[in-house]
Structure formats: structure tokens, C-alpha cells
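Here are a few exercises to work through with the model open beside you. Try each task before reading its solution.

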Amino acid sequence: MLHFALAGNPNSGKTTLFNALTGSTAHVGNWPGVTVDKREGVYKKGEQPVNIIDLPGIYSLSPYTPEEVIARNFVLDEKPDCIINIVDATNLERNLYLTTQLMELDVPIVVALNMTDVLDKNGDCIDVRTLEKRIGLPVVEISALKGDNVDELMKRALETVQKPRKGVSVLKDSLLGSAIANAEIALQLKEVEAPLFHAVKLVEKDEIEVQTHPSEAKAVQAFIKENVAKGNETVDTEAEIADARYKYITAHFSTTLTRARKPDYNELSKSNKADKVLTHKWAGIPIFLVILFAVFHITFSEDFLFLGALIAPFGEWCALESDSVVKAIFFAGGLNSPGVILFNAMDAFTAWLGDMIITGVEGLGASAWAVGLVSDGILRGVFGVLSFLPQILVLFLLFSILEDTGYMARVAFMLDRIFRRFGVSGRAFMPMIMGFGCSVPAMINTRTLADEKEREATIRVIPFFSCGAKMPILLAVSGGIAASFGVGNADVITYSMYLLGMVVALLSLLIMRNTVARGETSPFIMELPIYHMPGLKNLMLHLWDKAKHFIQKAFTIIVASSIVVWFLSSYGWNWQYVDNMKDSILASLGQFVLPIFTPLGFGSQLSEWGWVFAVSAVTGLIAKEDVIATFGVLAACIGATVQGGLEEGVGEVMAMISATGIGIPALISFIAFNMLTIPCFAAAATAKAELGKGKFRWTLLFWLVTSFLVSTMIYTIGTWVWTIAIWVVVAALAVVGIVFWNKFADSKAEYEKNK
Amino acid sequence: MKLLSQLKVGEKGVITAVNGEGAIRRRLFDMGITPGAEVYLRKKAPLGDPIEIALRGYELTLRKSEASQVEIE
């Protein structure tokens, strides 16, 4: 099968084109193994099926960010049959800069000129035929969003594959043209593939290139000194080449664009007008905070838009009304948010389905253990988790919308100044906020960060931004606390825990950037894309991917671990079904690990059933959904009667609370521990793949230490307020220690340098 | 000689040189900050830094510290 690679700038519509080409066949390539995180799909509408590979969005083939290295290595090593270079017509010059680099490769290329419809609207137009002639590559006008001309693009691409293409450079007649030609011949003699591309990079003194061809690099520099510099000290080849590329583009390519009017900076585009408000000097940051609050409010609130007071007079009617539809929408005299309504609907559905299945199994005359396995082992676990799917999707959808519109880039712009204080750039904000959805794509997204140390520190704190799978823990335990102890509002506890995660993340960044990942604050140079409406189709594809992944996990990992937990909690060491879970295998294993969790408040100090929390936390290492699934299984095994009419998970937590006698500080500490400790298998594996060699061990240790420390702090301060004094002293000592250590390290480095 | 970081909101200039070295300079070039390009200072971030500039038909944000490597006239 033919392989076509999609390359282009970020925000050029690459992913949209990818979806338009591959439709539902696209699959996001696994947990990124080691090398390339590429999305692949098959284009089936042509004469022959073509494998389409979506490369990360890049501005250049210079190795600045890990993403650029990935894309560069892919086009050089994997040798696609054709590169489809998507170019944003509204931003021609910068997009064609990448094109001038790609055309130096010996690979057939087709230029997909996207968003010409936007140009039309402004009255501007591009003379495509002239552009095609001057670039020397086929150019096809498309609209990735509407899917216009996409088949024509593929037809042209298939034509170009027919005959091989030799690389050409726009730098031929520039100052360094002779040096490039010279290097090309040297590399050809060495039988290097794509000699022209490598020659240009050699002349440019590209780090990777100089390392691979050290002797040629020397020869090239000598040639430049002799023939180009001519008396001058040196030639700034890097500047020369970038300059020559842009000059060529402005002289030959930009002229094919006819503008209806001369660009006027004072005339604001729609995007600029939106930014007048959204990044306003005073209002910008408050607006962001309101948006962030709204996202969580829409997902979690049981008092939507604070209408509770308004509809209170009808509260009695709601309480009397036994209709489950009404109950799903109204709750305790308030109006539920869309997230909660969907949750209730899903919950009602799984409860109904569960009853049906259990009745069915019982009807078949299955034995007691089989019924136990199905109802307590599988259904409790899986449905307990599945009920949260709607809320996870709502949160994910809202963040996807914010990202797709281009607003997240503005947030990075506004918050950079603050983030810099914590040792990372505003850019690091994007992967962090993605962490609220899932840590895995968030960790991969750190590849847009140029600085290795910044990237490392960011990957480590991403799990602290509580992901969708941790949401059930937060909601169920918060709900349990509110219902069991009659304190506060479950929403407030949930929000506070999210906030706690963020605070711990920022403090950890600060500490890391002053200790193990010390270094200069990384640069912040970022495009602010034009705002646009997110495409419904793309959003839905995103959402579908997420839902599919979650459901797959629920029916594989979570079913399996629920069965294991059920088995261990229902059988004793003698492989006999036990009547009392206290005699089970799990109980004795739980007793064994229990002391570790004593400082955190859910260890030995709890009564006989105390180990259920420890066991749940341990199962959370497989998948975070497992914590609540395990609760479900264990609550059933305790034989607790779960009160009806409660949200999924809350009843189980209440049963646990009454069985163990656990207090509020220990429960909060339990949530914090699950949020901050080693994330699930998938996230840990991603971190391992993304981090440099030897860094993963320390990362695991960092997660363990942070979670134990923070949870212990919460438990001790919550239980004995005076211990706050001890913690303040510990923190102060740590700060003093770090400051002195760094002073010492600095003066040592200074001394070494002077020596 | 004037630096990009010294530009006031609403002012424009033409880039004459890009100083500094290494990866940051490389990135500035890749993003189109090369001699001859016209830049316009659109706005400053709410906290005064970074800045937002318009060049080559798009909007770019960078910190003042990076902008101080760019000479304009």
C-alpha cells in the first residue's frame, strides 16, 4: 500500500484534512511507543487504498522542538511515497517557509492550499496556476473543513507518485548557493540519501547534521570561509539561509496573492476584536477564571446557574414527584447542570440494565457464587465506572472547544508572566489543562515545549491535573462525605480538590525548577492563531475516540480487575468461598499493606474493615476507575445495604464510612493520595516513553513522595490543627536548604569556570 | 537603533538584525522574524509581558527578553 505523509504548520487545518481523508477509519496510534506518535488512517475513495500518516504540526524542519525532530526523522527515514503539504492560504509566507524546506527532499510533494474560501470572503485571491509554476509542485485548492476538492487532491497526489522527484532548492542563486552545491556533491559521493536537503542543513550548521557528517561539515565551513566570506570574518549562515528563503518567498510566491485592500494594522479583524475583550488588560484574566469556573460548573454542579433559590418554591413538588425524569433534572430543590443530568440518565440506565441481568442470571437457576460474580464482581464494578462516562465526555468536550477555537493560546499568552515565576513558560499551560481530560495525550503534547528540563518537569506534574478517570473518586468520596457527615456541599469539596491538585503542581514545578530540573526559563515564542468556530465533525470524532477508549477500558481492564478483586475478597487462602469477607485473601493482604497508609489516615487506625481504602488505592494503579469499581465490589461483599436513590458510588462510599469509622480528614487525604500518586498504567508508560533515559525511576519516586507527603499533611492538620506548626517549620527548612544548596552549586560552577 | 522590545503599542518598524545565538534565534528566524520584515506591535499581555506582534500576515507572541534581541528601525 502507498504511504502518504501529511505535513504542515500547526493550525493549518492538517487534522481536519486528515479526518476528511480518512473518515472513520482513523485510529490514534496506540500508546505512543518510543519513536513516532503518528496518527494513521486509510483513504479508500480512490482507485487504490492509501495509508495516510498525520505528522505533528511544525514550522520548520530544524530540530527545535521534539515534534520537529519526529517529523523530520519520519520524512527522512520512513520515506513516504508522497508528502501532502498543507498550506494555509491566509498565512502564505510563513506556511511556504516549510514548503521551501520540504522541496529540498527527493520525495514527490503536492501542495494542498487550504482556506482559500476565507481569502475569497475578504476579496483577496491567489493565482494558483502561477504559484504552481513558480513552486514547481502541483498545487490544489481545497477546503478541508467542507471536504471540497479533497478527492482531486488525492488524484493529483497519485499522479505525482508515478515518477520520482529530485529535490530543488530556492537557495540556488543565494549567497550560499555555491556552498550548498559543493556540499551536495560531497554528500552524493558519500551516497547519502536526499543529498540536497542534508547539504543545506550542513551549510546552516544544523546540530544534528554536523554530528552525522563531521568531516563534510568542516570542509563546508572551510569552503565558505574561502569563497563566500572573502576577507570577512565569518558568514552567519543560519541567518543568511532563513533570510534567503523568506526573500525568495516574498519575491516569487507572495506576488501571486492579490489583496483587495492594502493591509492596515489599525483595521481590526474579527479575531483582533474578540481579543480586545478576551485578552483585555484588566478583564482578560478575570474572564478566563470565569470561563474555567463555568466549565466545571456545567460539568458538575447540582445547582446549575444558582437557580436553586429561584425554583425552591417548586422544590416540594420535585420531591413528591416520583418520576425519574424529573428527579434527574432537579435535585434537592436545585436545577442540575447538563453534566449531572446526563450522569443521572446514564446511572438510571445502568441500574435498570443491571437489574435485568441479575434477574436473568437468577432466573437461569445459577448458583450463589455465580450470581455473586456477576452482580458483585462484574456489574458493580463496571457500571459504577460507566455511569461517569457522560460527565467525563462533557468536561472533555468543553476543553476541546476551548482548544479548537484558539482561546487556549491566548490563555498561555496572558499567563506566561505568572507561569514564568514557577519556572515554565505559558506554553506549558496547554498540556497541563489537557491533563484534566487524560494524562496520556497531555504528556504527548509536551513535545511542543522546546526546553528539555521544562518538559520533564511538566510531564511529572500533569497527573496532578485530575483526569477524567479520577473524577469518579472525587465525586463519589465528596458525595459520601457530604451525605455521611452532613457537612458542606459536595461540589465545593470537588472543586477544592481540583484546586489542590493545581496548587501542588505549581509548587512541585517551582521546587523542581530550583533543584533537579534547574535551568534558564525556556523561551516563549508562539503563534496566536485566528479564532474560529470549532468544527462539529472534528469535535464529535474527538469525543467518539475518547468514549470508545473509555468503554474499551471499562470492559477489559476494569472487568478483569473487578473479577480479581471479587475473587480475592470472596475466597480464603483455602480456596473456599468465605461467608465473611474478613477471612478472605484480600483481607489478609490488605492487613499486610495497611501500616503504610497509617500516616495518611486510612491505615491501621481504622476498625476491622479499614483495609478497604488501602486495597482500593492499590488497585487504582492499574486504572484510576478501579478505585470506585473496587469500592463497589467491596461494599457488596461487606454486605452493606446501599441506600437507594443515591448517586452511583456515593452509597458505596457511605457504606465504607460507616463500616470503617473513617473521618473527614482521612477521606480528603484518600482523595489527595489517589490524585497525586503514580497514575494509571497507561499514563505511567507514556511518561516512561516521553522522559529521557533513567528519568522514569525518579519520576515514580517523585509521585510516591509527593502523594504521601501531601496526604499526610492533610490528615495530620485536619485531625490535629496544631501540627500545622510542624509543617511550616519543615517547609521553611526545605526552602532554606534549597536556597543554600543552589548558592553553593552556583559558586562552585563559577569557581570551575574561572579555573 | 531601536529594539523590538522598545516598540510602543500601535507602532510599527522594519527588522534590521536578529542578535543572540542558538535555538532561540533559530526559532525567531523560522517564525519569520528576518531582516526586512515589517512588524507592528498589537498589544501587551495583561501583566505587561509578553507582547503580541503582527508580522507576515499573522500574529505572534514573544517575551520582551526575546524581543530585545531583535533590532528594528
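The exercises below concern a predicted model, and each is followed by a worked solution.

**Exercise 1.** Find which residues of chain A lose the most area to chain B.

*Solution.* Start with the whole interface: chain A and chain B bury about 3700 Å² between them, with 55% of it on carbon and sulfur atoms. On the chain A side, the residues that lose the most area are Tyr265(A), Phe413(A) and Ile525(A), together 22% of what that side buries. Next, look at who takes part: 46 residues come from chain A and 36 residues from chain B.

**Exercise 2.** Describe the polar side of this interface, and say which elements of chain A supply it with at least two residues each.

*Solution.* Begin with the charges: eight salt bridges run between chain A and chain B. One to locate on screen pairs the side chains of Asp416(A) and Arg63(B), at 2.7 Å from N to O. Then count polar contacts, which amount to 20 residue pairs between the chains, both residues at pLDDT 80 or more. Now turn to secondary structure: helix 3 (92–102), helix 11 (237–253), helix 12 (270–278), helix 20 (407–421) and strand 12 (525–527) of chain A each supply at least two residues to the side that touches chain B. That side of chain A divides into 18 nonpolar, 13 polar and 15 charged residues.

**Exercise 3.** Decide whether Ser271(A) is buried or exposed, and find what its side chain reaches.

*Solution.* Place the residue first: Ser271(A) lies in helix 12 of chain A. Its relative accessibility is 7%, so Ser271(A) counts as buried. Then follow the side chain of Ser271(A), which reaches the backbone nitrogen of Tyr531(A) at 2.7 Å. Leaving out residues up to four places away in sequence, Ser271(A) touches Arg410(A), Ile530(A) and Tyr531(A).

**Exercise 4.** Inspect the backbone at Glu191(A), Lys205(A) and Pro50(B), and state what stands out at each.

*Solution.* Recall the background: most residues other than glycine have a negative phi, and most peptide bonds are trans. Glu191(A) is not a glycine, yet has a positive phi of about 55°. Glu191(A) sits in the loop between helix 7 (177–189) and helix 8 (195–203) of chain A, and is exposed, at 71% relative accessible area. Lys205(A), also not a glycine, has a positive phi of about 65°. Lys205(A) belongs to the loop between helix 8 and helix 9 (207–212) of chain A, and is partly exposed at 46%. Finally, a cis peptide bond with omega of about -5° joins Asp49(B) and Pro50(B).

Technical notes: Residues are numbered from 1 along each chain as its sequence is written. Chains are lettered from A and ligands numbered from 1 in the order in which they are written. This is a predicted model: local features need pLDDT of at least 70, side-chain atom pairs count only at pLDDT 80 or more; totals for chains, interfaces and linings use all residues. Side-chain values use heavy atoms; hydrogens and water are left out. Contact means heavy atoms within 4.5 Å. Buried area is the accessible area (1.4 Å probe) that two parts lose on being put together, summed over both. A salt bridge is a side-chain nitrogen of Lys or Arg within 4 Å of a carboxyl oxygen of Asp or Glu. Helices (H or I, at least four residues) and strands (E, at least two) are DSSP runs, numbered from the N terminus. Ala, Val, Leu, Ile, Met, Phe, Trp, Tyr, Cys and Pro count as nonpolar, Asp, Glu, Lys and Arg as charged, and the others, Gly among them, as polar. Buried means under 20% relative accessible area, exposed over 50%, partly exposed in between (1.4 Å probe, protein chains only). A polar contact is a pair of N or O atoms within 3.5 Å; within protein, one must be able to donate a hydrogen and the other to accept it, and residues adjacent in sequence count only if both atoms are side-chain atoms.
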